[in-house]
Amino acid sequence: MRPGSKEKKKECVVFKVYYEKTYDSVSWEFIHYMLGRLGFCGKWIKWIKNCLESTSIFMLVNGSPTIEFKPKKGLREGDPLAPFLFLIVAEGLAGVIRQAKEKMLVDSIEVREGQVNVSMLQYADDTLFFLLSHNSKCFDLKSNSEVF
């Protein structure tokens, strides 16, 4: 067995993020920005923008519908585009982690010495982070996190 973070006495942070309400709060402008960053052409970005902005919704108040209004953010539940667009949002989060690694604020956990480094794993609407801190201000290791 190769030594891991626990045996090497390195402090690391492992935490899970669950995107329970994220679908409701996704910024459409961020989606447009990420589509451009990922190399989608202007025509595709315009199509996605039109799909997002073409919806109108109403709420039931005491069983009666309110006046229709247009949302300004969020992804609609049941929309066939929603999982695809959410992956684009998750890629933005992965980019933030890559930038933090480039600035040497955090580092990955070495799973197999010299072979595999892991900083995050994503599955459906869950994300697990595995990070070593180079900067004590990056993480408060004493609150709500377990130090290994």
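Student: What should the 21 residues of helix 4 span, at 1.5 Å a residue?

Tutor: In this predicted model, helix 4 should span 30 Å, because the expectation is 1.5 Å times one less than the number of residues. The C-alpha atoms at the two ends of helix 4 are 30 Å apart, which agrees.

Student: Which residues of helix 4 are buried?

Tutor: Buried positions in helix 4 are Ala82, Leu85, Phe86, Ile88, Val89, Ala90, Gly92, Ala94, Gly95, Ile97 and Ala100. Beyond the helix, Met104 follows, and its phi is positive, near 60 degrees.

Student: How does one look for pockets in such a model?

Tutor: Rolling a probe the size of a water molecule over the atoms shows where empty space is left. Here the largest pocket has a volume of about 340 Å³, and the second largest has about 290 Å³.

Student: Which residues line the second largest pocket?

Tutor: The lining consists of Phe30, Tyr33, Met34, Arg37, Leu38, Glu91, Gly92, Gly95, Val96, Arg98, Gln99 and Glu102. Two elements, helix 2 (28–37) and helix 4 (82–102), give two or more residues each to this lining. Helix 4 gives the most, with seven residues. By class, five of the lining residues are nonpolar, three polar and four charged. Gly92 and Gly95 belong to this lining and are also among the buried residues of helix 4.

Student: How many residues line the largest pocket, and which lie nearest its centre?

Tutor: The largest pocket is lined by 16 residues, and those nearest its centre are Tyr23, Asp24, Leu75, Arg76 and Glu77. Its lining divides into seven nonpolar, three polar and six charged residues.

Student: How many disulfides does a search of the whole structure find?

Tutor: The test is a pair of cysteine sulfur atoms within 2.5 Å, and the search finds zero disulfides.

Student: Are Cys41 and Cys51 to be read as buried or exposed?

Tutor: Neither term applies: Cys41 counts as partly exposed because its relative accessibility is 41%, between the limits of 20% and 50%. Cys51, with a relative accessible area of 34%, is likewise partly exposed.

Student: Where is Ile109 found, and is this residue buried or exposed?

Tutor: Ile109 is found in strand 4 (residues 106–112). Its relative accessible area is 14%, under the 20% limit, so Ile109 is buried.

Student: With which residues is Ile109 in contact, leaving aside neighbours within four places in sequence?

Tutor: Ile109 is in contact with Cys12, Val116, Asn117, Val118, Phe130, Leu131 and Leu132. As for Phe129, 20 residues from Ile109 along the chain, the C-alpha atoms of the two are separated by 9.6 Å.

How values were computed: Residues are numbered from 1 along each chain as its sequence is written. This is a predicted model: local features need pLDDT of at least 70, side-chain atom pairs count only at pLDDT 80 or more; totals for chains, interfaces and linings use all residues. Side-chain values use heavy atoms; hydrogens and water are left out. On a 1 Å grid over the protein atoms alone, a cavity is a set of points where a 1.4 Å probe fits but cannot get out, and a pocket is an open set with protein on both sides within 12 Å along at least five of seven lines; lining residues have an atom within 4 Å of a point. Grid points are joined across faces, edges and corners, and a volume is the space filled by probe spheres set on the points. Ala, Val, Leu, Ile, Met, Phe, Trp, Tyr, Cys and Pro count as nonpolar, Asp, Glu, Lys and Arg as charged, and the others, Gly among them, as polar. Helices (H or I, at least four residues) and strands (E, at least two) are DSSP runs, numbered from the N terminus. Buried means under 20% relative accessible area, exposed over 50%, partly exposed in between (1.4 Å probe, protein chains only). Contact means heavy atoms within 4.5 Å.
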